[in-house]
Amino acid sequence: SILNQTYQDFELIVVDNFSNYDFFALIESFKNNKIIAFQNQNNGIIAVNRNVGIKHAKGEYLAFCDDDDLWIQNKIEKQLNYLQLQNADIIYTPLLCFNEKGDNYIRKAKQLKNISQLIGKNEINLSSVFVKNISSIRFDEDPNLVTVEDYFLWLDLYKSGLNFILLNEPTIKY
C-alpha cells in the first residue's frame, strides 16, 4: 500500500526486529530502490526501532505505518497538500477499520483543541500521522511506555507548541 501511493517522491524505511524469516530476501523481492531496510534488536521496545527509522530518514516529512495497517492510495498526496495548505506541523486522520469478515467502519477522530482533550483520550493513530521531520520527533524508549510511546510523543509535541490538524478523511485501513 505504501509503494502504490499516487505521490511517489519518498523513501520507505523498514526496520525489522530480526524476524524468523529471511527479511532481506523479502525486501529484495519487491525490486524497489525506494526501500531502505534495517534490522535492529529492540528487546520488545518498538520505540527503539521507530527511532532507528527516524534517524535514517532524509526527507522533510515523516509518516509511519505499522505492519498490520494499510495506507489508502493517496495518503501522502492528501496529507502533504493539507499540511502545506493549513501551515500545520502534524496532520492526522480518522481510521477506516476492517476485519477478517470484510466489515468496514470509520473510527472518527476529533480536532485537538487543547491538551486536556489529548490527556483524556488519544485520538491520534500513529499510522495516520504525517509530520514535519524535526529534531523533536523522537519516541521515548522507556520500557514502561510500551504500546503508548506514540501517545507520550503527541503530549510532548503538543506541549512544545506544534500545530496538530485533523484531516477529517481516513487515510489508513486499520
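Two strands are said to pair if DSSP finds at least two bridges between them, and in this predicted model that condition is met by strand β6 (residues 95–98) and β10, which pair in the parallel sense over 2 bridges. Leu-96 stands opposite Lys-173 in β10, while Leu-95 has Ile-172 of β10 as its bridge partner. Strand β6 is also joined to β7, in this case by 4 bridges, and these two strands run antiparallel. Here Cys-97 has Tyr-105 in β7 as its bridge partner. The hairpin made by β6 and β7 has 5 residues between the strands, and in this hairpin Gly-102 takes a positive phi near 90°.

These pairings belong to an open sheet of 4 strands, arranged in the order β4-β10-β6-β7, with mixed pairing. At its edges are β4 and β7 (104–107), each of which pairs on one side only. As a general matter, strands of a sheet pair through backbone hydrogen bonds, either parallel or antiparallel.

A further open sheet is formed by 4 strands in the order β3-β8-β5-β9, and its pairing is mixed. Because β3 (61–63) and β9 (164–166) stand at the edges with a single partner strand each, one side of each is left without a neighbour in the sheet. From one strand to the next, the twist averages 20°. The partner of β3 is strand β8 (residues 130–132), with which β3 pairs in the antiparallel sense over 3 bridges, and within this pair Leu-62 stands opposite Val-131 in β8.

Helix α3 (residues 75–86) has contacts with strands from both orders given above. The helix has 12 residues and reaches 16 Å from its first C-alpha to its last, close to the 16 Å expected at 1.5 Å a residue. Its buried residues are Lys-75, Ile-76, Gln-79, Leu-80 and Leu-83, and they lie on the same side of α3 because they cover an arc of only 110° around the axis. An α-helix has 3.6 residues a turn, so residues three or four places apart point the same way. The buried residues of α3 pack against β3, β4 (70–71), β5 (90–92), β8 and β10 (172–173). Just after the helix, Asn-87 takes a positive phi of about 50°.

Farther along the chain, Leu-162 has its place in the loop between α5 (149–159) and β9. Although Leu-162 is in a loop, this residue is buried, with a relative accessible area of 14%. Leaving aside residues up to four places away in sequence, Leu-162 touches Asp-89, Ile-90, Ile-134 and Leu-157. Of these contacts, Ile-90 is 72 residues apart from Leu-162 along the chain, yet the C-alpha atoms of the two are separated by 7.4 Å.

The cysteines remain to be considered. Why does the structure hold 0 disulfides? A disulfide needs a pair of cysteine sulfur atoms within 2.5 Å, whereas the sulfur of Cys-65 is 14 Å from the closest cysteine sulfur, in Cys-97, and is therefore too far for a bond. Cys-97 is likewise in no disulfide, since its nearest cysteine sulfur is that of Cys-65, 14 Å away. The surroundings of the two residues can also be set side by side: Cys-65 is partly exposed, with a relative accessible area of 27%, whereas Cys-97 is buried, with a relative accessible area of 3%.

Notes:
Residues are numbered from 1 along each chain as its sequence is written. This is a predicted model: local features need pLDDT of at least 70, side-chain atom pairs count only at pLDDT 80 or more; totals for chains, interfaces and linings use all residues. Side-chain values use heavy atoms; hydrogens and water are left out. Buried means under 20% relative accessible area, exposed over 50%, partly exposed in between (1.4 Å probe, protein chains only). Axes are lines fitted to C-alpha atoms, for helices over the stretch in contact, and angles run from 0 to 180 degrees between N-to-C directions. The expected span of a helix is 1.5 Å times one less than its number of residues. The arc is that of the directions from the helix axis to the C-beta atoms. Contact means heavy atoms within 4.5 Å.
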